[in-house]
Amino acid sequence: MDFTSINREAERFLPRLREHRRALHRIPELGYREQKTHEYLMRHLQALEPDSLRVFAQTGIRAVFMGDGTGRTVAFRADMDALPVGEETGRPFASEHPGSMHACGHDGHMANLLVFAEWIAANRRALRDNVVLLFQPAEETTGGAKRMIDEGAMENPHVDAVYGMHMMPDVPKGTIAACAGPIMAQTCEMDFVIRGRSAHGATPHLGIDAISAMGHLLTLLQTSVARCVDPCQQALITIGRVQAGTQRNILAAEATLEGIVRTFSNRVYEQLEERILADVRAVDTAFGTQTEFIKRVFYPCAENDPAEFARVRALLGDRMAMAKPKMTAEDFSFYQLSAPGVFVFCGCGDETYSAPLHACNFDFDETALVPGLALFMGLVSLAR
């Protein structure tokens with residue numbers, strides 16, 4: 001069946017997509033606090049009677065529909081958590097939880113996967129593939145994907161391929177964008193705590209100046225990217241916050257740098273981290289400081305498997321656009337370390353809806369969900 005025919009079939013489910021998306025939009029919850037969201041999803045999934053329905057990662061859910069054994073095991077993921085953003089859309093289905101909002105489209109991701117589950121249940125007698133549906137918490141914070149995997153969500157049955165999508169306002173509505181290879185960056189949120197020794201500014205020889213050490217480390221970090229990474233590889237270090245000192249005439253006993261590292265290669269990140277640690281050791285040797293390097297959040301590079309991408313491209317035809325990799329990060333990348341996978345951008349931008357992700361006025365027309373649903377439907381093998 002060609003994608004145009006599949007898309008027409010998916011259009012029949014638009015009222016359900018709209019209903020679920022708006023219901024979920026009203027109850028945004030932060031990572032690992034998705035209790036109402038969990039209850040909503042469980043209630044609707046239980047009614048579909050999947051072969052297996054289990055809780056993972058505290059508030060996450062896995063539903064499994066078993067095929068006839070002649071196909072693959074394919075997994076599809078939706079993230080559940082919202083952002084600490086006060087909503088300003090003025091929509092009648094706006095957030096009922098002050099200070100929290102689905103400003104990143106996760107309500108749409110969940111609605112898509114839930115309607116997909118309804119379609120799977122209706123076609124279960126024709127299923128060749130085993131279909132694993134992953135509703136995952138905490139994408140926006142500490143990476144609930146890794147916890148889902150660590151608890152066994154990709155096993156029993158073992159997942160052969162995994163797919164995910166993200167609403168994207170800079171992609172035209174009705175289009176799905178993707179590429180082979182890296183599509184979203186690796187990221188590491190990192191802190192450097194530099195510890196020296198306080199002394200009066202008139203007797204600096206009695207202290208160890210954490211601010212001087214911080215300044216040299218900051219310069220070295222930027223030099224590491226500029227001079228130690230192949231210029232054909234994209235990488236960056238951004239230090240966005242520094243803190244040090246208490247008084248103008250006292251040497252600071254402690255200084256803190258907070259920043260991020262981003263690349264499109266997990267290997268480049270490994271090399272860059274080695275260089276960062278060498279920079280830290282060099283500064284400590286030069287100044288006598290003791291520096292602690294802390295990795296707060298780490299997501300690998302989201303990298304689309306070439307063979308699975310070819311499958312997606314062949315299915316979508318002229319409905320697919322080639323995506324430019326983004327320096328933003330996604331914990332879907334953890335699933336891609338466990339199984340070949342493809343992550344796509346589901347276009348939702350038009351003249352009415354153009355606000356960026358994470359904005360207080362982010363919104364989209366639910367018709368933008370239809371191609372994402374059609375893509376998932378087309379990736380499942382049925383006996384026809």
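Start by selecting alanine 138, which in this predicted model is found in the loop between β4 (130-136) and α5. Its backbone deserves a careful look, since alanine 138 has a positive phi of about 60° although it is not a glycine. Colour the residue by accessibility and you will find that alanine 138 has a relative accessible area of 0%, so it counts as buried.

Next select alanine 57, in the loop between β1 (52-56) and β2 (60-65). Here too phi is positive, at about 50°, in a residue that is not a glycine, and alanine 57 is buried, with 0% relative accessibility.

For another backbone feature, move to the loop between α5 (144-150) and β5, where proline 157 is found. Show the peptide bond that joins asparagine 156 and proline 157, and you will see that it is cis, with an omega of about 10°.

**The open sheet**

Now select strands β9, β10, β8 and β11, which in that order make up an open sheet of four strands with antiparallel pairing. Strands β9 (235-244) and β11 (290-299) stand at the edges and have a single partner strand each, so one side of each is left without a neighbour in the sheet. If you turn the view along the sheet, neighbouring strands are turned by 20° against each other on average, with direction ignored.

Keep the sheet in view and add helix α6 (residues 210-228), which packs on it and touches β8, β9 and β10; the direction of α6 makes about 170° with that of β9. Then add helix α7 (residues 266-287), which lies across β8, β9, β10 and β11 and runs at about 165° to β11.

Within the sheet, pick out β8 (residues 186-195) and β10 (residues 254-263), which pair in the antiparallel sense over ten bridges. To follow that pairing at one position, select methionine 190, which stands opposite glycine 259 in β10.

**A covered strand and its partners**

Select strand β14 (residues 341-349), where nine of the nine residues are buried. Which residues lie on each side of β14? On one side are Gly341, Phe343, Phe345, Gly347 and Gly349, on the other Val342, Val344, Cys346 and Cys348, and both faces are covered.

Adding β5 to the selection shows a parallel pairing with β14 over eight bridges, in which histidine 166 has phenylalanine 345 of β14 as its bridge partner. Adding strand β6 (residues 176-178) shows an antiparallel pairing with β14 through two bridges, and here alanine 177 has phenylalanine 345 as its bridge partner.

**Two buried residues in helices**

Go next to valine 312, which lies in helix α8. Is valine 312 buried or exposed? Its relative accessibility is 1%, so valine 312 counts as buried. If you leave aside the neighbours within four places in sequence, the contacts of valine 312 are Tyr163, Val342, Val344, Leu375 and Leu379. For a sense of scale, draw a distance from valine 312 to glycine 201: the two are 111 residues apart in sequence and 64 Å apart in space, C-alpha to C-alpha.

Then select asparagine 112 in helix α4 (residues 106-122), which is buried, with a relative accessible area of 0%. Apart from neighbours within four places in sequence, asparagine 112 is in contact with Leu17, Met165, Leu369, Gly372, Leu373 and Phe376.

**The pockets**

Finish with the pockets, beginning with the largest, which has a volume of about 370 Å³. Its lining has 18 residues, and to centre the view you can select Glu139, Glu140, Thr328, Ala329 and His358, which lie nearest the pocket's centre. The elements that give two or more residues to this lining are β5 (161-172), β8 and β11. By kind, the lining residues of the largest pocket divide into seven nonpolar, five polar and six charged.

The second largest pocket has a volume of about 210 Å³. It is lined by 14 residues, and those closest to its centre are Gly378, Leu379, Val380, Ser381 and Leu382. Helices α8 (306-316) and α10 (369-378) each supply at least two residues of this lining, which divides into seven nonpolar, three polar and four charged residues.

Key: Residues are numbered from 1 along each chain as its sequence is written. This is a predicted model: local features need pLDDT of at least 70, side-chain atom pairs count only at pLDDT 80 or more; totals for chains, interfaces and linings use all residues. Side-chain values use heavy atoms; hydrogens and water are left out. Two strands pair if DSSP finds at least two bridges between them. Axes are lines fitted to C-alpha atoms, for helices over the stretch in contact, and angles run from 0 to 180 degrees between N-to-C directions. Contact means heavy atoms within 4.5 Å. Buried means under 20% relative accessible area, exposed over 50%, partly exposed in between (1.4 Å probe, protein chains only). On a 1 Å grid over the protein atoms alone, a cavity is a set of points where a 1.4 Å probe fits but cannot get out, and a pocket is an open set with protein on both sides within 12 Å along at least five of seven lines; lining residues have an atom within 4 Å of a point. Grid points are joined across faces, edges and corners, and a volume is the space filled by probe spheres set on the points. Ala, Val, Leu, Ile, Met, Phe, Trp, Tyr, Cys and Pro count as nonpolar, Asp, Glu, Lys and Arg as charged, and the others, Gly among them, as polar.
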